[in-house]
Every structure is written in structure tokens, then in C-alpha cells.
Amino acid sequence: MAAAVRTVTASRYVTPLREGGSLPAIVEASDDGLYVLKFRGAGQGPKALIAELVAGEIGRLAGLPVPEIVFAELPPDLARTEPDAEIQSLIAASGGLNLALDYLPGSVNYDPLVFEPDAKLASAIVWFDALVCNVDRTARNVNMLMWHRRLWLIDHGAALYFHHAWTGRDEHAGTPFALIKDHVLLRLASHLEEVDAEMRSRLSAAKIAAIVELIPEQWLADDPGFAGKAQQREAYLNFFKVRLASSQVFVQEAIHARAAHL
């Protein structure tokens, strides 16, 4: 089963987004669209892009509101017109293939005092973040936008955090996700058991395998925990196979955490 992600070429650097630690930027691309570009040369390196790609595409597959994700070719000479030396260095270090998300002009950060998603959507988002071990959906850093009166999920580069130091013997797949207790939507997530069944029916191993196959070879750098790039790719797929098969572990963790906070 094939999964597809479009490729665009960045044609103009528009402005940095200094809210993020990795200094993403708004760029214009060859299709005349605007995108939020995540740089391969930023501090967390290609693994942050892998997390953004894999988690984001799984979220989209699950029916969650994630902006379109594209591969973005970045010409290094785009740095010539940028006066900021830090940004010049970042562009130069990221020449080649990067990742970008569709820019949502006029969007604003999600404010729980202004808008509350319904319980089903909140439960689906909490379930998804527990699945991908996303540490970044807290009151301090919601990583959600409101655009055209709809909630959108962004910034999944901090998901799969363990892959920065994992091995072929990694055991994170079958463990709870204790940090779900800090999730900004946990209080509203009253349909977790129902959502668990629905999500597992949508996320087949074949569909996730197609997403894992999207990871560019050049982003799979030599990793001492694995014999080669094929083993790294297999590890991502195996993680999700085990994670889905043992979803009750993280679902029950989230249910207990929610009960403790009500």
C-alpha cells in the first residue's frame, strides 16, 4: 500500500518563527504556497523531522486535523538574502531535503478558555499523543491552532522522543505514557475506550508500514543502536505494531490520570 507526500522546492525565505526552539520558518514554495519549514540542520537533527513526518501522517491517517505535510527541497543559496547570521547558518546546514507543513494564515494558538473541543475529538487527540509518545501538548506548549473555527494539531517533532537514544531492544512500545497526565485536553477525554477501538481499526500495520517507508534514506543517519538503516526503519514499524497491540496499557494510564485530575 503506497502512501504519498508531495515534494515542493522552497523559492523564498519569508520570515522566521521564533516561537519554536528549532527556529522554523515560513517559506514560499514552487507551487506558490506558503509552508512552515522545519530545518534538517536544526538542533534535534533529522530525527525531529522523522517524528514530525511519521507522527503527523499517522495523525492524518487517523482522521485528525493535521495540516498537509510535504517534503521541501531547500536551495542553500536562499541564505544569501538573509541578514541574520544564525539563520544563514541554519539554511546552509539544511540544504537539500527538509520537511514542511501547510501554513495556516491568520491562525491563533488554541486557548482552552475560549474553545473546548467535543469529548470525542479530545479523546482522539489524547489517544494519538499517547500512541506516539508526544511530550508537547501541555498547557505550557499546546501545539494546537485555531483556524477557520477548527482545531489543528501541529509540531510533532518531540514525539517518539526515545528514538534519539534507542536500540533494537527498545521496550518503549509496550509501556504506559506517564506524561499524558499533563495533556491539555485530558480533562475532556471521556471517550478513550471507544476511541481506542475506532483508531485501531483505522491504523492497520500495512498503512503504517507505508508511512514508515516515506522516511528518506538520508534522514536515517548511522545509529550505533542498529546494524543499518533497514533495521532502523524496521524498528519504527515494530514500535507501532506493538504499541497498537498493547494500546490498553496507555489507554488505562490516560483513564487513571484523568480520574485523578477530576
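Two strands count as paired if DSSP finds at least two bridges between them. With that in hand, let's work through some exercises on this predicted model.

**Exercise 1. Find the residue that stands opposite F71 in β5, and place the two strands in their sheet.**

Solution. Start with the strands: β4 covers residues 69–74 and β5 covers residues 96–102. Six bridges join them, and they run antiparallel. Within this pairing, F71 stands opposite L99. Now step back to the whole sheet: β4 and β5 belong to a closed barrel of five strands, in the order β1-β2-β3-β5-β4, with mixed pairing. From one strand to the next, the twist averages 55°. Finally, look at what lies across these strands: helix α1 (residues 46–61) lies across β3, β4 and β5, and runs at about 150° to β4.

**Exercise 2. Classify the ring pair of F71 and W219 by its geometry.**

Solution. A pair of aromatic rings is described by the distance of the centres and the angle of the planes. The structure holds nine aromatic pairs. For F71 and W219, the centres are 5.8 Å apart and the planes stand at 70°. Planes over 60 degrees apart count as edge-to-face, so this pair is edge-to-face. Next, locate the partners: F71 is in strand β4, while W219 is in the loop between α5 and α6, 148 residues apart. Both F71 and W219 are buried.

For contrast, try F162 and W166: their centres lie 5.5 Å apart with 50° between the planes, and this pair is tilted. F162 is buried at 4% relative accessible area, and W166 is buried too, at 5%. Both rings belong to one aromatic cluster, which also includes Y161 and F240.

**Exercise 3. Is D196 buried or exposed, and which side chain makes a polar contact with the side chain of D196?**

Solution. First, find D196 in helix α4, residues 192–202. Its relative accessible area is 1%; buried means under 20%, so D196 is buried. The polar partner is the side chain of S247, at 2.8 Å. Leaving aside residues up to four places away in sequence, D196 touches W127, S247, Q248 and V251.

**Exercise 4. Describe the hairpin formed by β7 and β8.**

Solution. Begin with the pairing: four bridges join β7 (residues 144–147) to β8 (residues 150–153), and the strands run antiparallel. M144 has L153 as its bridge partner in β8. Then examine the turn: two residues lie between the strands, and H148 has a positive phi of about 50°. Last, turn to R150, whose charged end sits over the ring of W152, 4.6 Å from its centre.

Terms used. Residues numbered from 1 in each chain as written. Predicted model: local features only at pLDDT ≥ 70, side-chain atom pairs only at ≥ 80, totals over all residues. Heavy atoms only, no water. Buried < 20%, exposed > 50% of the residue type's maximum accessible area, 1.4 Å probe, protein only. Polar contact = N/O pair within 3.5 Å; in protein donor to acceptor, adjacent residues only side chain to side chain. Contact = heavy atoms within 4.5 Å. Axes fitted to C-alpha atoms, helices over the stretch in contact; angles between N-to-C directions. Phe/Tyr/Trp six-rings, centres within 6.5 Å; stacked < 30°, edge-to-face > 60°. Lys NZ or Arg CZ within 6 Å of the ring centre and 35° of its normal.
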